[in-house]
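Me: I would like a close look at a single part of this model. Please start from one strand and work outwards to whatever it touches.

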Amino acid sequence: MADWGYKTPTHSRGTAGTATGVMVAANPNRRYLYIKNEIGGPVYLNFGGAATLTNGSIRLSGSGSADCELEMSMGKGNLYTGAIQGIVASATALLDILEGV
């Protein structure tokens, strides 16, 4: 794994349902974030507000797809430290989350 400047990794799981919910809480100390849609259909993520299926949210395809992952870091220059909310069209999806501070 590349050194993105974080010292403490925290692994967690997020469950996205048909109502928007916080998948990753805001953390001003975040230096790295990796999210993978492990189980379920497509998940729509929104940064700083409620996730919807139609507002231009980032889509993570279902597990096993090439685009089922999201990686952000200070080193890549694409890090977001606010809350991230998620939603699915039906049923639920299980997200694997790794956050480094």
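What follows is my request and one connected reply. Which strands does β4 (residues 43–47) join in its sheet, and what surrounds it?

Reply: First, a caution: this is a predicted model. Now the strand itself.

β4 belongs to an open sheet of 4 strands. The order is β2-β7-β4-β5, with antiparallel pairing. In that order, β4 sits between β7 and β5. The edges belong to β2 (21–24) and β5 (58–60). Each of these two has a single partner strand, so one side of each is left without a neighbour in the sheet. From one strand to the next, the twist averages 40°.

Take the β7 side. Here β4 meets residues 84–87, and 4 bridges join the two antiparallel strands. Two facing positions help to place them. N46 stands opposite Q85. Y44 stands opposite I87.

Now the β5 side. β4 and β5 share 3 bridges, again in the antiparallel sense. Y44 appears here too, this time opposite R59. Y44 therefore has a facing residue in each flanking strand: I87 in β7 and R59 in β5.

How much of β4 is covered? Of its 5 residues, 4 are buried, so the strand is mostly covered.

V43 begins the strand. Setting aside residues within four places in sequence, V43 contacts A16, N37, I58, R59, L60, I87, V88, A93 and L95. Several of these can be placed. I58, R59 and L60 make up β5. I87 belongs to β7. A16 is in β1 (9–16), N37 in β3 (32–39), and A93 and L95 in β8 (93–100). V43 thus touches residues of its own sheet as well as residues of the other one.

The nonpolar core picks up the same theme. The largest one has 15 residues. V43 and L45 of β4 are among those that touch the most other members, along with V24, L33, I35, I84 and L95. Five elements give two or more residues to this core: β2, β3, β4, β6 (69–73) and β8. β8 gives the most, with 3 residues.

That leads to the second sheet. It is also open, with 4 strands in the order β1-β8-β3-β6 and antiparallel pairing. β1 and β6 are its edge strands, each pairing on one side only. Its twist averages 15° from strand to strand. β3 and β6 pair antiparallel over 5 bridges. Within that pairing, Y34 faces E71 of β6.

Next, the other end of β4. F47 closes the strand, and its ring takes part in an aromatic pair. The count of such pairs comes to 2. One of them is Y6 with Y32: stacked, 5.2 Å centre to centre, with 25° between the planes. Y6 lies in the segment before β1 and Y32 in β3, so this pair ties together parts that are 26 residues apart in sequence. Y6 is buried at 13% relative accessibility. Y32 is buried as well, at 2%.

The F47 pair has another geometry. F47 and Y80 meet edge-to-face, 5.2 Å centre to centre and 85° between the planes. F47 is in β4, whereas Y80 is in the loop between β6 and β7, 33 residues away. Both rings belong to partly exposed residues: F47 stands at 25% relative accessibility, Y80 at 26%.

Past the end of the strand, the chain enters the loop between β4 and β5, where A50 is found. A50 is partly exposed, at 43% relative accessibility. Beyond its neighbours within four places in sequence, A50 contacts T20, N55 and Q85. Q85 is also the residue that faces N46 across the β4–β7 pairing. A50 and R13 lie 19 Å apart, C-alpha to C-alpha, and 37 residues apart in sequence.

One last stop lies in the loop between β7 and β8, which holds A91. Its phi is near 60°, a positive value in a residue other than glycine. A91 is exposed, with a relative accessible area of 58%.

To sum up the strand: β7 lies on one side and β5 on the other. Most of β4 is buried. V43 and L45 are among the best-connected core members, and F47 pairs with Y80.

Definitions and conventions:
Residues are numbered from 1 along each chain as its sequence is written. This is a predicted model: local features need pLDDT of at least 70, side-chain atom pairs count only at pLDDT 80 or more; totals for chains, interfaces and linings use all residues. Side-chain values use heavy atoms; hydrogens and water are left out. Two strands pair if DSSP finds at least two bridges between them. Axes are lines fitted to C-alpha atoms, for helices over the stretch in contact, and angles run from 0 to 180 degrees between N-to-C directions. Buried means under 20% relative accessible area, exposed over 50%, partly exposed in between (1.4 Å probe, protein chains only). A nonpolar core is a set of buried Ala, Val, Leu, Ile, Met, Phe, Trp, Tyr and Cys residues joined through side-chain atoms within 4.5 Å. Contact means heavy atoms within 4.5 Å. Rings of Phe, Tyr and Trp (its six-membered ring) pair if their centres lie within 6.5 Å; planes under 30 degrees apart count as stacked, over 60 as edge-to-face and the rest as tilted.
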